[in-house]
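Here is a short set of exercises to work through with the structure open beside you. Try each task before you read the solution under it.

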Amino acid sequence: KSAFEHILVSRPRPSVALVTLNRPKALNALSSPLFKELNHALELADNDKDISSLVLTGSEKAFAAGADIKEMQSKTFSEVYSTDFLANWAAIKSLRKPVIAAVSGYALGGGAELALMCDIILASPTAKFGFPEITLGVIPGGGGTQRLTNIVGKSKAMELVLTGRVFGAEEAERWGVVSKVVQTEKVPGDEHLPVVHEALEMASKIASFGQLATQAGKEAVNAALDLPLSEGLRLERRLFHSLFATNDQKEGMAAFAEKRKPNFTHS
Ligand code: CAA
């Protein structure tokens, strides 16, 4: 049973944590108390040696309908500036383990930004992404203008941020915002939504490999967005070299040569 009020945390597969946003009455609007719980749960999972990968999801109707507008409504500049409001949203970016977002329904504003902070996004055909902040007299504040532009390029990002237009799973996949659209047929014997099922399968696959290599792979891909190419290539090569100091490299290559399954020990 979850000790949290606004989220649920479970371990539906070995070594896989599932975090479910759970404020159904507010379509999972991302209030400060919700984010506090979310960051706490993510940190616990990241530091748990028995967890290799995470899945973050919402409900069938909403991944998350954005930051909590009712909470923000009366805030003043001095309040949001002095507390660096939303700065704590980026905590998910510093996790070492991969996080897969399973998006069904609305992922608007901060909800889309939260998904964009995950490492992989899988979407149900019902997913509706968008940045409606402009309709509220503001702009995205959780990284949307930067992360969306990195993925879709300037013209499309401008269009989406300045018009607030909602876009569906198909467009999101075509543009590379999501890695895959998962069809809606329920998987027999699985209680989860198909998109969550698929995310759990992917997370299990990732969990079958060594955590050190996974962590290095995540670090290297993320560097591609931050570093100039020559620095990114250098970092990649150094990380690659460093994996030769691990038992998992010896085991993985020995298992290949001996035609058997590897037994990774994350060491
Ligand atoms: N904040 C607070 N409450 C929200 C919310 C939000 N972002 N989104 C939905 N809710 C609440 C509604 O107020 C409503 O509550 P009540 O029953 O108490 O009135 C409940 O959730 C259900 O919502 P609706 O009745 O509106 O449901 P719907 O199916 O008719 O519409 C929707 C769904 C189109 C997603 C609509 O709820 C909506 O437009 N929500 C706001 C989306 C939005 O603007 N998000 C951006 C927020 S700003 C932001 O995120 C800033 C940032 O960059 C970090």
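**Exercise 1. Find the aromatic ring whose face Lys 75 lies over, and then do the equivalent for Lys 128.**

Solution. Keep in mind that this is a predicted model. Start at Lys 75: the ring beneath it belongs to Phe 85, and the distance to the ring centre is 5.1 Å. Then move to Lys 128, which lies over the face of Tyr 106, at 5.1 Å from the ring centre. Both count as a charge over a ring because NZ of Lys has to be within 6 Å of the ring centre and within 35 degrees of the ring normal.

**Exercise 2. Trace the open sheet of six strands from one edge to the other.**

Solution. Step one is the order, which reads β1-β2-β3-β5-β7-β10, with mixed pairing. The edges are β1 (7–13) and β10 (180–181), each of which pairs on one side only.

Step two is the pair β1 and β2 (residues 16–21), which is antiparallel and has five bridges. Two of the partnerships to look for are Val 9 with Val 19 and Leu 8 with Thr 20. In the hairpin that joins these strands, two residues lie between them, and Ser 15 has a positive phi near 65 degrees.

Step three goes from β2 to β3: these strands run parallel and are joined by five bridges. Here Leu 18 is opposite Val 55 of β3. The chain travels from β2 through α1 to β3 in a right-handed β-α-β crossover.

Step four continues from β3 to β5 (residues 99–103), a parallel pairing with four bridges. On this side Val 55 stands opposite Ile 100 in β5.

**Exercise 3. Decide which way the residues of β3 point, and describe how helix α1 lies on the sheet.**

Solution. First sort the side chains: Ser 53, Val 55 and Thr 57 point one way, while Leu 54 and Leu 56 point the other way. Next check the burial: five of the five residues of β3 are buried. Finally, place the helix. α1 (residues 32–46) lies across β1, β2 and β3 (53–57), at about 25 degrees to β1.

**Exercise 4. Work out the order of the four-stranded open sheet and the angle that helix α4 makes with β6.**

Solution. The order is β4-β6-β8-β9, and the pairing is mixed. β4 (62–64) and β9 (167–168) are the edge strands, each pairing on one side only. β8 (residues 128–130) meets β9 in an antiparallel pairing of two bridges, where Phe 129 stands opposite Phe 167. Helix α4 (residues 110–117) lies across β4, β6 (106–108) and β8, at about 90 degrees to β6.

**Exercise 5. Classify the ring pairs Phe 167 with Trp 175 and Phe 240 with Phe 244.**

Solution. A pair of aromatic rings is described by the distance of the centres and the angle of the planes. The structure holds five aromatic pairs. For Phe 167 and Trp 175, the centres are 5.1 Å apart and the planes differ by 45 degrees, a tilted pair. For Phe 240 and Phe 244, the centres are 5.2 Å apart and the planes stand at 80 degrees, so the pair is edge-to-face.

Now add the surroundings. Phe 167 is buried at 2% relative accessible area, and Trp 175 is buried at 14%. Phe 240 is partly exposed at 47%, and Phe 244 is partly exposed at 37%. To finish, look for the cluster in which ring pairs link Phe 129, Phe 167 and Trp 175.

Conventions
Residues numbered from 1 in each chain as written. Predicted model: local features only at pLDDT ≥ 70, side-chain atom pairs only at ≥ 80, totals over all residues. Heavy atoms only, no water. Pairing = 2+ DSSP bridges. Contact = heavy atoms within 4.5 Å. Axes fitted to C-alpha atoms, helices over the stretch in contact; angles between N-to-C directions. Buried < 20%, exposed > 50% of the residue type's maximum accessible area, 1.4 Å probe, protein only. Right-handed = clockwise from strand over helix to strand, strands pointing away. Phe/Tyr/Trp six-rings, centres within 6.5 Å; stacked < 30°, edge-to-face > 60°.
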